[in-house]
Amino acid sequence: KVTVSGLSTFCSHRGHDIHFHDKKIALLEAGPRKECDHVPDSYSNRVSSISPGSATLLSSFGAWDHVCSLRLKPFRRMQVWDACSEAMIVFEKDDLDDMGYIVENDVIMSALTKQLDAVADRVEVFYRSRAVGYTWPLPSHSCDTSPWVQIELADGRRLQTKLLIGADGHNSVVRKEAEIKNIEHRYDQSAVVATLHLSEATDNNVAWQRFLPTGPIALLPLSDTASSLVWSTSHEHASELLGMDEESFVDSINSAFWSNVNHSDFIDTAGAMFRSAISLLKPSGTAVRQLPPSVAKVDPGSRAMFPLGMGHATEYVQHRVALIGDAAHRVHPLAGQGVNLGFGDIACLAHHLSAAAFNGSDLGSLKHLLKFETERQRHNVSLIAAVDVLKRLYSTRLAPLVLLRTWGLQATNALPPVKVRISL
Amino acid sequence: MRGTLQNYNWKIQLKSGSTLPVSKTEIKSSVLTVKRLFSTSHSSVDSKEMKKFQLLAHKWWDEEGEYSALHSMNDIRVPFIRDTLLNMSSNYHLGNPLSGVKILDVGCGGGLLSEPLGRLGASVTGIDPLEDNIRTADQHKSFDPVLAKRIQYKSSSLEEIVEESMETFDVIVASEVVEHVADLEMFIKCCSRVLKPEGSLFITTINKTQLSYVLGIVVAEKIMGIVPEGTHEWEKFVPPEELERLLESNGFSVKTVNGMLYNPLSGSWSWMESTSVNYAMHAVKSGARGQSSPTDALSESESEQPSATAGTAV
């Protein structure tokens with residue numbers, strides 16, 4: 001038996017794998033069952049940017065079809081620029097394919113719930129359940145006690161499992177109970193989210209992000225007339241934004257995207273020089289800076305804020321335990337990668353467990369779990385570190401650093417291979 | 001007759017139509033020869049070997065312990081068995097590739113190989129002459145309700161189960177066993193008896209070469225401690241040519257021979273061209289019954305002996 005605490009994507013996926021045909025999976029979900037056949041008229045303020053790779057994963061077990069039938073918005077281009085200079089970088093695929101998809105979190109949950117129902121004979125979901133105690137197997141194998149993990153639920157039921165997967169978020173209980181050390185750092189920033197209505201309808205297939213000294217502000221397309229806001233800024237400013245009246249809030253957003261108050265002549269000149277140099281060497285290396293659409297209204301009641309932090313577990317696995325998603329790593333939303341890293345974890349863990357099952361191995365055995373850990377840590381650590389560095393680099397007005405990042409961004413924009421790598 | 005374990009040295013003498021006078025010692029040895037061929041006492045089990053394994057009977061399931069090399073050998077021997085069997089059959093059961101296959105794991109120890117085969121759907125019978133090994137194996141499988149039903153362990157030698165298990169098994173697995181038995185040919189004959197026609201025999205063992213002495217005994221036992229000291233005796237290692245000869249002359253057809261290599265730094269096994277150290281062999285028992293084979297000729301000449309000696313017995 002395999003038990004997952006938290007994430008339904010994993011169970012949905014595993015339920016469809018042929019090598020898991022006779023294995024039973026239990027999913028412990030703290031929340032209630034969430035499913036709807038149709039979407040409400042208004043948009044939810046919690047959205048995720050889904051990469052094409054993640055979309056492939058979701059479609060491999062039929063969940064992506066449900067997402068498509070509910071609601072999603074593909075985007076083709078991403079423009080990222082600095083508030084302190086003219087530097088900017090544009091991401092887009094040569095063949096003008098979709099770069100990614102903006103999907104409401106509720107839509108994803110609903111699609112997954114539907115797929116879980118399809119494999120109900122192998123995956124048992126315990127909604128509104130909470131584990132209150134874990135008994136870990138002792139390392140020495142010769143004793144009489146069970147070598148499996150015992151879980152006690154709040155309602156008194158007991159489960160035992162060969163492998164416990166912790167997918168219970170950045171405050172993971174599984175991680176704490178397994179005594180896995182977590183390196184964490186609270187940013188002095190909170191993210192403000194809201195659903196916005198644009199002044200006029202547009203194609204709206206571009207994702208916009210501007211780095212302000214206080215933090216990045218991003219506008220993610222939801223439809224031709226609506227976009228989702230993710231504004232990372234200081235705690236004080238975030239509270240201010242939440243408390244403002246609607247008009248002032250909308251003005252702040254427009255000003256954040258359009259105002260050049262943070263520019264300095266020095267940086268502008270230096271930036272312009274560098275740009276001319278690039279255009280000599282690589283004529284196609286500079287692009288025209290576009291301006292994002294202006295915002296007219298905000299959905300009442302859609303404003304919310306939550307604190308931001310960074311985290312990384314020192315180990316992703318132990319004997320009979322594996323951590324995935326935010327339980328293993330937590331990243332700043334500036335790169336829109338948090339949930340995609342989680343999906344990457346799922347694909348990798350599922351692959352290794354499938355191979356282990358086909359070899360007749362005990363699923364909780366550390367040998368293949370370590371392979372998963374090595375593969376994912378190698379991938380995740382560099383990205384998480386890079387995001388952290390970017391966050392710090394862009395949190396300042398200091399001229400030398402602004403110059404560095406201005407030139408750096410301009411150079412990166414001119415180099416196609418580097419750009420392709422970043423856009424994953 | 002479990003108590004007596006004796007190291008019999010088998011030399012079956014063929015005396016076809018001899019007219020020479022038969023001496024007393026020759027008579028005695030001939031009589032004993034006949035008795036031993038049909039006796040059911042342990043004949044391929046070596047008591048010295050048993051003592052070695054007795055001390056480690058509790059260590060089987062410590063993946064980092066004395067048996068760690070055997071644990072990691074599963075990474076190549078299980079796929080080898082699984083894929084060979086899948087290639088030979090046309091049925092495939094989703095999630096249970098070995099469903100319906102009856103396997104005998106000879107010298108199963110603590111059940112390190114029986115369990116993965118059971119997880120893949122096979123019905124496994126694991127036998128080992130050492131009771132403590134069987135006890136460890138039984139205890140370990142008891143925690144998993146699926147395995148507890150699929151695997152049966154028995155403290156027994158191969159000879160002891162021959163009578164009740166004639167042509168019962170689809171597959172026999174003898175992994176890291178033949179270098180510990182006293183009489184290899186007897187062992188192979190017994191395998192043949194309990195295997196169904198066209199059944200498969202999988203053997204993994206160690207070659208008898210200078211390289212296997214250096215790597216298998218000196219490095220593995222004395223220097224790096226990969227295997228407890230004294231586990232192996234170079235004299236009892238079996239070259240693949242000899243194993244192949246014994247198999248072919250006892251009704252088997254050898255299909256595959258693959259060299260295996262252990263990397264002590266990574267603790268993992270891999271396949272290699274050369275069989276100079278470890279190797280795996282897959283043989284198939286011939287299908288047609290009533291084919292005359294050396295074994296038939298053997299029993300014929302022996303059955304003549306009692307009548308020849310009875311007349312001159314003192």
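**Helix crossing and a cavity in chain B**

Trainee: Is the crossing of H8(B) and H10(B) left-handed or right-handed?

Mentor: Right-handed (the near helix is turned clockwise from the far one by less than a right angle). This is a predicted model, where local features need pLDDT of at least 70 and side-chain atom pairs 80 or more, while totals for chains, interfaces and linings use all residues; side-chain values use heavy atoms, without hydrogens and water. Residues count from 1 along each chain as written, with chains lettered from A and ligands numbered from 1 in written order.

Trainee: And what's the angle between H8(B) and H10(B)?

Mentor: Roughly 45 degrees, with the axes (lines fitted to C-alpha atoms over the stretch in contact, angles 0 to 180 degrees between N-to-C directions) coming within 10 Å. H8 covers residues 184–194 and H10 residues 240–248 (helices are DSSP H or I runs of at least four residues, strands E runs of at least two, numbered from the N terminus). They're therefore oblique (neither under 35, over 145 nor 65 to 115 degrees).

Trainee: Which residues meet there?

Mentor: Leu184(B), Glu185(B) and Ile188(B) from H8(B) meet Leu243(B), Leu246(B) and Leu247(B) from H10(B) (heavy atoms within 4.5 Å). That makes 5 nonpolar, no polar and 1 charged (Ala, Val, Leu, Ile, Met, Phe, Trp, Tyr, Cys and Pro are nonpolar; Asp, Glu, Lys and Arg charged; others, including Gly, polar).

Trainee: New topic: which elements each give at least two residues to the lining of the second largest cavity?

Mentor: Helix H3 (68–88), strand E4 (169–175) and strand E5 (195–206) of chain B. Its lining (residues with an atom within 4 Å of a point, on a 1 Å grid over the protein atoms alone, where a 1.4 Å probe fits but cannot get out) has 6 nonpolar, 2 polar and 1 charged residues. Arg77(B), Phe80(B) and Ser175(B) are among them.

Key:
On a 1 Å grid over the protein atoms alone, a cavity is a set of points where a 1.4 Å probe fits but cannot get out, and a pocket is an open set with protein on both sides within 12 Å along at least five of seven lines; lining residues have an atom within 4 Å of a point.
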